[in-house]
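Reader: I would like to go through this structure by question and answer. Please show it, and then we can start.

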Amino acid sequence: MIKLSRLFFAPLLLLLLATGFPCRAEDGYRLWLRYDQIQDAGSLKNYRQSIKEIVLQANSPVTEAAGQELSRGLGGLLGTAVPITQKLSQQGAVVAGTPANSPLIASLKLGDKLSSLGDEGYLLLSTRLQGKNVTVIAANTDTGVLYGAFHLLRLLQTQQDIKNLSLSSSPKVQHRILNHWDNLDRTVERGYAGFSLWDWHKLPDYKDPRYVDYARANASIGINGTVLTNVNANALVLTEDYLKKVAALADVFRPWGLKVYLTARFSAPVEIGGLETADPLDPKVQAWWTDKVSEIYRHVPDFGGFLVKANSEGQPGPQNYGRTHADGANMMADALAPHGGIVMWRAFVYDNEVPDDRHKQAYNEFKPLDGTFRKNVMVQVKNGAIDFQPREPFHPLFGAMPQTPLMMEFQITQEYLGLATNLAYLAPLFKETLDSDTYAKGEGSTVAKVVDGSLHNHQLTGMAGVSNIGNDRNWTGHPLGQANWYSFGRLAWDHSLSSAKILDEWTRMTFSNQQQVIGPVKEVMLDSREAVVNYMTPLGLHHIMGWSHHWGPAPWIKDKHRADWTSVYYHRADEQGIGFDRTATGSNAVAQYFPPVAEKFGSLEKCPEKFLLWFHHVPWNYRLQSGRILWDELALKYQSGVDSVRQMQKTWNTLEGEIDPERFAHVKAFLAIQEKEARWWRDACLLYFQTFSKRPLPEGVEKPEHTLEFYMKQDAKFVPGI
Ligand code: BDP
């Protein structure tokens, strides 16, 4: 039997291999690092001429990783193995290294060019060496070489000319970090792509090969740090057993330039240390943290440091002992400093007791602490003052704490943007915040300049993204959600890149270099976040989603144990109008911005309409720039969100037969879900707000499918990610 079936299958297998028939379905696992052979015959020929061998003279784990990636990538793209050698032996070599570890690189005397590129920057050069044409990847460190290797691969993947290369690149931000909100039981808070990648039970003995692919993907976009655990922290991860597991992950990640960080539960000295207090000014507590940190470094010699959520949403913190956030952060910073570690102390705080606008609370608590943090502390600030809404004005803390490095926190996972089944390409959201002008030091004081340290002259800088990654085969749940991981990394490296440019790169690498593919994919994705804003929270509405799980519309949520978790707190709809008055006649949150911004946001006429209801309570019959009254405009915005999704569906359908059937069908099905949910949002919100406006739906807005009662009765169970 066995022999027979072998006889039967062997020729078939050979045939499949010869025709390049994919042996495995296109499941998205390979992300943007697919390395399939270049299709365009002309480019392929040119690349094959330019690249015949990889010359690596150094001998280090990071160099080995770079070599492995170059060999895998170039071999795949060129369709022929590219050997790694130590000597330059032929025309068309890729020579990679640092002046210190490669005599060939040293002989090029690149000192001047390399001097400004720091620890992670690199040069890509086409030049001649020992009479041969070569492509050089040079850097000051092995990690720089690794990043340069990925850049060269990207040039081939996106079919750029590599004949006359002369480019350099270095990151604008020092710490480019993913925040995993992963629990030790492998559930992921606000995670919609399966369970946590970290298989704590099997660690440290079994290291899933997937950890390497995770690290490669991060390295390819310049992400150099990962916080493994949830900000709602579990002290257990700081115990010896778990530190061994953490060390195993750190060992896998290290060759890829990826450092490991942990969340530190403030009450750990009590919970796992047997102390009676966690008071940061108590010498016993300080000593406990000092010892604990030394223990961590014994396991992970290059441990990055702690991310801390304290006195926020029930988490313990220094205020439990009458101390400040700075007291808490500094205590941990002192323990970490001798080892070179940092503290990322989150500013996401709002107090149950304070009967004031939640928008103002982080600023009120943190601004007075400016200048009191240790040198190895960054305060990590969410992009907006409320909570990762589909659209928020930038957080007023940016620019307001000149003596403190402020780290950006974006959310890549789509907690408030339809979870993993809605497409929202997030680079435009990230860019909108980064490009906002704080006016902290006059015009041009953008949030990006606060974050990259250039505005207030800080060396310590960082950008964090709350990860959208889980153990789904395709990593991010939505096949196109991979673009958000990608664009976070690219923007953390260089915030001046445009959303369109990043999308173009990603599309070419993830799908194809053919125009008939690139065009439609970009068309579907580029404005997808704007579509989400329109069908969920247009004109500055915010926080009107389902209770607790945050999925779907629920503007009617009220009477809960805390007002600032309800929807009515935020939209304040009544018979006169809708919106949160944050001007001087209301909460006066606008005063937290610098004067030109405060004046703009605070003026009904000058406030950008996209933020109108964020800052103003506006009469239903107020006339907007379009000439329409507010009610009509709101209704038409909801409709336009639905229309955009339908257009996205049509455009996606043109890709049938142009891309692989697996990803085509997956996205098609998800877009159908998105269309259904867009209608749900539109109908539920408009029916509810209509009970206040008492006006008919304007022409062009479709009639709701169900009654308001129907929508209010929806009560989804087991929504993922809580
Ligand atoms: C909110 C989430 C919650 C997080 C919290 C945070 O709903 O799950 O724990 O932010 O950032 O967005 O700490």
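Reader: How many positive and negative side chains does the chain have, and how far apart do the centres of the two sets lie?
Author: This is a predicted model, and the values here are computed from it. The chain carries 74 positive and 77 negative side chains. The distance between the centres of the two sets is 5 Å.

Reader: What radius of gyration does the chain have, set against that of a compact globule?
Author: The C-alpha trace spans about 80 × 65 × 60 Å along its principal axes. For 722 residues, a compact globule would have a radius of gyration near 27 Å. The chain agrees with this, at 27 Å.

Reader: What share of the residues is buried?
Author: A residue is called buried when its relative accessible area is under 20%. Applied to the 722 residues of the chain, this gives a buried share of 61%.

Reader: What part of the exposed area do carbon and sulfur atoms supply?
Author: The total that the chain exposes is about 27900 Å². Of that area, the part from carbon and sulfur atoms is 52%.

Reader: How many helices and strands are there, and what share of the contacts with a separation of 6 or more joins residues 24 or more positions apart?
Author: The chain holds 24 helices and 16 strands. Among contacts with a separation of 6 or more, the share from residues 24 or more positions apart is 73%.

Reader: Why is helix α7 described as largely enclosed, and which elements do its buried residues pack against?
Author: Helix α7 covers residues 210-220, and ten of its eleven residues are buried, so the rest of the structure largely encloses it. Among the buried ones are R210, Y211, D213 and R216. The elements they pack against are α3 (61-78), α6 (142-157), β7 (175-179), β8 (225-227), α8 (240-253) and α15 (482-493).

Reader: Which peptide bond is cis, on the stretch between β7 and α7?
Author: Most peptide bonds are trans. In the loop between β7 and α7 sits P204. With omega near 0°, the cis bond is the one from L203 to P204.

Reader: What phi does G222 take, just after α7?
Author: Most residues other than glycine have a negative phi. G222 is a glycine placed just after α7, and its phi is positive, at about 85°.

Reader: Is L419 buried or exposed, given its positive phi?
Author: L419 is in the loop between β13 and α13. Its phi is near 55°, a positive value in a residue other than glycine. With a relative accessibility of 5%, L419 is classed as buried.

Reader: What is the relative accessible area of Y439, and where is this residue found?
Author: Y439 is found in the loop between α13 and α14 (447-451). Its phi, near 60°, is also a positive value in a residue other than glycine. Y439 is partly exposed, and its relative accessible area is 27%.

Reader: Which backbone oxygen lies 3.4 Å from a polar atom of the side chain of T421?
Author: T421 is in the loop between β13 (406-411) and α13 (427-434). Beyond its neighbours within four places in sequence, T421 is in contact with H478, F670, I673, Q674 and E677. The backbone oxygen at 3.4 Å from its side chain belongs to G418.

Reader: How far apart are the C-alpha atoms of L31 and Q482?
Author: L31 lies in the loop between α1 (2-18) and α2 (41-50), and its relative accessible area of 4% makes it buried. Leaving aside neighbours within four places in sequence, its contacts are A217, W475, Q482, W485 and T510. L31 and Q482 are 451 residues apart along the chain, and their C-alpha atoms are separated by 6.9 Å.

Reader: Which residues does V300 touch, not counting those up to four places away in sequence?
Author: V300 is in the loop between α10 (283-299) and β10 (305-308). At 1% relative accessibility, V300 is buried. The residues it touches are V246, A247, A250 and R254.

Reader: What is the distance in space from T507 to A598, C-alpha to C-alpha?
Author: T507 belongs to helix α16 (residues 499-510), and its relative accessible area of 0% makes it buried. Residues up to four places away aside, T507 touches S512, I518, V521 and K522. A598 is 91 residues from T507 in sequence, and the distance in space is 39 Å.

How values were computed
Residues are numbered from 1 along each chain as its sequence is written. This is a predicted model: local features need pLDDT of at least 70, side-chain atom pairs count only at pLDDT 80 or more; totals for chains, interfaces and linings use all residues. Side-chain values use heavy atoms; hydrogens and water are left out. Helices (H or I, at least four residues) and strands (E, at least two) are DSSP runs, numbered from the N terminus. The radius of gyration is taken over C-alpha atoms; the globule rule is 2.2 Å times the number of residues to the power 0.38. Buried means under 20% relative accessible area, exposed over 50%, partly exposed in between (1.4 Å probe, protein chains only). Contact means heavy atoms within 4.5 Å. Accessible areas come from the Shrake-Rupley method with a 1.4 Å probe; for residues, only the protein chains shown count as cover. Lys and Arg count as positive and Asp and Glu as negative; His and the chain ends are not counted. The place of a charge is taken as NZ of Lys, CZ of Arg, CG of Asp or CD of Glu. A polar contact is a pair of N or O atoms within 3.5 Å; within protein, one must be able to donate a hydrogen and the other to accept it, and residues adjacent in sequence count only if both atoms are side-chain atoms.
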